[in-house]
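The exercises below go through one chain of a model, from its overall build down to a single strand. Each task is followed by a worked solution.

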Amino acid sequence: MKSVDLAHMKTLFRIEWKLFRRIKGNYVFVVFAPLMIIVAMRFVHDQLDLAAHGLNAAPVMAATATGVLLIFSLYSSVTGLYVARREELVLKRLRTGQVSDLAILTGGASMYVVVTVAQIAAVAAAVSVMSGTGVRQPLTALAGLLTGCALMAAMAATTAALCRTAESVMVATLPALFVLPMISGVYLPREVLPAPLGDLLVLAPLSATVDLIRSGWSAELTALDTLARIALSLAWTALFAWIAARRFRWEPRT
Amino acid sequence: MTRNEPEDCIRVQDVWRRYGQGKRAFDAVRGVSFTVRRGELFALLGTNGAGKTSTVELLEGLARPHRGAIRLFGGLDPVADRSAIRPRTGAMLQQGGFISHLTVAETVGMWADLTAGSRSVPEAMELTGLSRRAEVLVQNLSGGERRRLDLAVATLAQPDLLFLDEPTTGMDAEGRQGTWRLIRQLRDRGSTVVLTTHHLDEAETLADRLAIMHRGRIATAGTVRQIVADHPATLSFGLPAGLREELPPGLSAPTPTGTADGRITLATGHLQRDATRLLTWAESRGVTLEHFTARPASLEEAFIRIAAAHGNDDDDRELT
């Protein structure tokens, strides 16, 4: 990516941030979503008896919160952003200028990446304080966060490619909002599922991110496992990016 | 634009644009060829759905032609060489494409940041008459004001090549004049301009050359003078009732094409000759031709005749 692309991304980030700040409800969402997640997770995990499955609450909570925020704050928002900007012909207009396609897509999405990362950092800090457990492998957690953000942005572009209108975003994102967290260990740790199923679901799109975040707190992955999870996440990202590159629509269907 | 570039700024060779696939395929542009010379203002006219915007979008590199070739600035492909072309072009889409919740100043500012060599935001707004609307949200602008905003953005830099898709639609008379003035200034400074418009007077006033598209094809092209020369001129006059059946012999179009309001209108391919014969006949008979006018065909008349002449030629429209 060239320096001019970064400058363009910065401009698009600034515009989206300006628009985001104008809607007061967004402040409520940014602050209260992480708090609600923490409260909800405490309740659910108390029911699950994590210790019986050899799990520690802090890593599971951190991974769950990260997964939920990646899906709802990043994936869902960026999908809506792409479709809304396409319907307004903003994407088409931008393509008549000097901005590259990659900068158009990443520039707008970067604002939601920053918001999501801030939310995740807040939740992680809260989890650490509540559990008295610090991050043991910060690089592993960081790798999980970065690969997760890239994966969600690529998935959002793919989903936007499938949406005909802004109204169809709700339906198109449903599988990712409900099925993806179920199969990736976001809502329920895969350890509580029957072993063969849990082992299979390690290959699900967001599982690698969940495992990397968890290992950031628990240090349960070996170096080889860590690299394998990163490679898996990147492979999913590449697949979604490949689909998006071929199917993404820059203007409404005629 | 560099001096060693060829005279042709745009070369379009047998270009087709297809929407959809299979049985639903529809060819909006069908074998269009033309060139636009450097520094020229070239207008694309046509009826609704003629393929003007589809053609311009191909030139802008927003879509690939289904068939044929387009080359800009001597040899650049609008899609493959986009990064080389974009810093030299400006574009005004048929519909804006702006974020509705930004103000005019914020929108122009955003585009100024995204455009190398951009003029200042106040200057851009001043040039397009938007200074007083700087703090108004885009969603609250009138149709004409949105077109002005689009023009402000398209002309932020001094583009070598400017695409204007119906730039004055929805504008009031003052806005149109201001837009025409800015377009002329850009052309005078060396920009090549491709303009699509429904307003024939706009094309007649601004264009060096023009092409009239009809149902995906170019029906005719040339200067305004060349295009109207192919169409009959008009002789119009009033004649006392008793003499209407006694028009002089030898007129190239002896049958009146219209007699509205008691006036006789003759279509002629030989304006000077027929006008002379008519006046000589009237003089010799001592007849006064009331409100006599003789004028060549207007672009509007040529346009209407072309549309009518090609009105039934869509049977061969490709639906493959």
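**Exercise 1. Describe the overall build of chain B.**

Solution. The model is predicted. Start with the contacts in chain B that have a separation of 6 or more: 70% of them are between residues 24 or more positions apart. Next, take the secondary structure, where chain B has 10 helices and 12 strands. Then look at burial: 42% of the 320 residues of chain B count as buried. Finally, the extent of the C-alpha trace of chain B along its principal axes is about 75 × 50 × 40 Å.

**Exercise 2. Find the domains of chain B and describe where domain 1 touches domain 2.**

Solution. Step one is to read the bounds: the domain assignment gives domain 1 as 38–57 + 79–227 and domain 2 as 232–305. Step two is the distance, which is 41 Å between the C-alpha centres of the two domains of chain B. Step three is the contact itself, in which seven residues of domain 1 of chain B meet four residues of domain 2 of chain B. On the domain 1 side, α7 (200–206) and α8 (224–229) of chain B each give two or more residues. The most come from α7(B), with three residues. By class, this side of domain 1 has six nonpolar residues, one charged residue and no polar ones.

**Exercise 3. Describe the side of chain B that touches chain A.**

Solution. First count the residues: 19 from chain B and 16 from chain A take part in the contact. Then ask which element of chain B gives the largest share; helix α3 (residues 104–114) of chain B does, with three residues. Last, sort the chain B side by class, which yields 10 nonpolar, six polar and three charged residues.

**Exercise 4. Place strand β8 of chain B among its neighbours.**

Solution. Begin with the strand itself. β8(B) covers residues 209–214, and five of its six residues are buried. A residue counts as buried when 20 or more other C-beta atoms lie within 10 Å of its own.

Now take one pairing partner, strand β3 (residues 41–46) of chain B, which is parallel to β8(B) and joined to it by five bridges. In this pairing B:A211 of β8(B) stands opposite B:L44.

Another partner is strand β9 (residues 217–222) of chain B, antiparallel to β8(B) and also linked by five bridges. Here B:I212 has B:T220 in β9(B) as its bridge partner. To finish, examine the link: β8(B) and β9(B) form a hairpin with two residues between them. In the turn, B:R215 has a positive phi of about 50 degrees.

Key. Residues numbered from 1 in each chain as written. Chains lettered and ligands numbered in written order. Predicted model: local features only at pLDDT ≥ 70, side-chain atom pairs only at ≥ 80, totals over all residues. Domains from an automatic or database assignment. Contact = placed C-beta atoms within 7 Å. Helix = DSSP H or I, 4+ residues; strand = E, 2+ residues; numbered from the N terminus. Nonpolar A, V, L, I, M, F, W, Y, C, P; charged D, E, K, R; others polar. Buried ≥ 20, exposed ≤ 12 C-beta atoms within 10 Å, placed from the backbone. Pairing = 2+ DSSP bridges.
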